[in-house]
Amino acid sequence: MNPYQQKWIDLLKAANIPGWKIEPQDSNIYIEMPHVTDLKLIRDNLPSTLAAMSLDINEPHQRLKFLFHNGYENFEYVLNPNSGDLSGDS
């Protein structure tokens with residue numbers, strides 16, 4: 001696990017969100033939420049929430065994929081995308 005990924009995991013766990021399981025998964029971060037969690041609401045607010053949280057991170061920024069799952073649905077969000085992400089090749 002790289003220091004950037006570890007810092008994000010530490011920040012997310014420090015938020016103490018009830019029912020959220022946050023763990024590394026390869027070079028990604030897997031977040032399992034309670035099945036009643038509204039993923040659309042999470043997805044809509046994620047960019048601004050992560051931007052605010054990122055102010056506490058001094059590690060060099062790296063590509064990081066967040067994998068969200070609520071038991072029924074899932075979605076991915078890539079922070080600091082690389083050229084493959086932006087072109088759809090990854």
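Analyst: Two strands pair if DSSP finds at least two bridges between them; strands (E, at least two residues) and helices (H or I, at least four) are DSSP runs, numbered from the N terminus. The model here is predicted: local features need pLDDT of at least 70, side-chain atom pairs count only at pLDDT 80 or more, and totals for chains, interfaces and linings use all residues. Residues are numbered from 1 along each chain as its sequence is written, and side-chain values use heavy atoms, leaving out hydrogens and water.

User: What makes strand E1 and strand E2 a pair?

Analyst: Strand E1 (residues 21-25) and strand E2 (residues 28-32) are joined by five bridges in the antiparallel sense, so they satisfy the rule of at least two. Gln-25 has Asn-28 of E2 as its bridge partner. Two residues lie between the strands of this hairpin, where Asp-26 takes a positive phi near 60°.

User: How do you know that E3 and E4 pair too, and in which sense do they run?

Analyst: Six bridges join E3 to E4, and the two run antiparallel, so this pair passes the test as well. His-69 stands opposite Asn-74 in E4, while Leu-67 stands opposite Glu-76. This hairpin has four residues between its strands, and Gly-71 in the turn has a positive phi of about 95°.

User: Which order do the four strands of the open sheet take, and what makes a strand an edge strand?

Analyst: The order is E1-E2-E3-E4, with mixed pairing. E1 and strand E4 (74-79) are the edge strands, each pairing on one side only. From one strand to the next, the twist averages 20°.

User: Where do the helices sit?

Analyst: Helix H1 (residues 3-14) lies across E1, E2, E3 and E4 and runs at about 175° to E1. H2 packs on the sheet, touching E3 and E4 (contact means heavy atoms within 4.5 Å), and its direction makes about 10° with that of E4.

User: Why is H1 called roughly perpendicular to H2?

Analyst: The two pack at an angle of about 105°, with axes 11 Å apart. Because 65 to 115 degrees counts as roughly perpendicular, H1 earns that label against H2. The axes are lines fitted to C-alpha atoms, for helices over the stretch in contact, and angles between N-to-C directions run from 0 to 180 degrees. Trp-8, Leu-11 and Leu-12 of H1 meet Leu-50, Met-53 and Ser-54 of H2; these residues divide into five nonpolar, one polar and no charged.

User: What lines the largest pocket?

Analyst: There are 14 lining residues, with Ile-17, Trp-20, Ile-42, Leu-46 and Thr-49 nearest the centre. Helix H2 (39-54) and strand E3 (64-69) each supply at least two, and H2 gives the most, seven. By class, the lining holds twelve nonpolar residues, two polar and no charged.

Conventions: On a 1 Å grid over the protein atoms alone, a cavity is a set of points where a 1.4 Å probe fits but cannot get out, and a pocket is an open set with protein on both sides within 12 Å along at least five of seven lines; lining residues have an atom within 4 Å of a point. Ala, Val, Leu, Ile, Met, Phe, Trp, Tyr, Cys and Pro count as nonpolar, Asp, Glu, Lys and Arg as charged, and the others, Gly among them, as polar. Angles under 35 degrees count as roughly parallel, over 145 as roughly antiparallel, 65 to 115 as roughly perpendicular and the rest as oblique.
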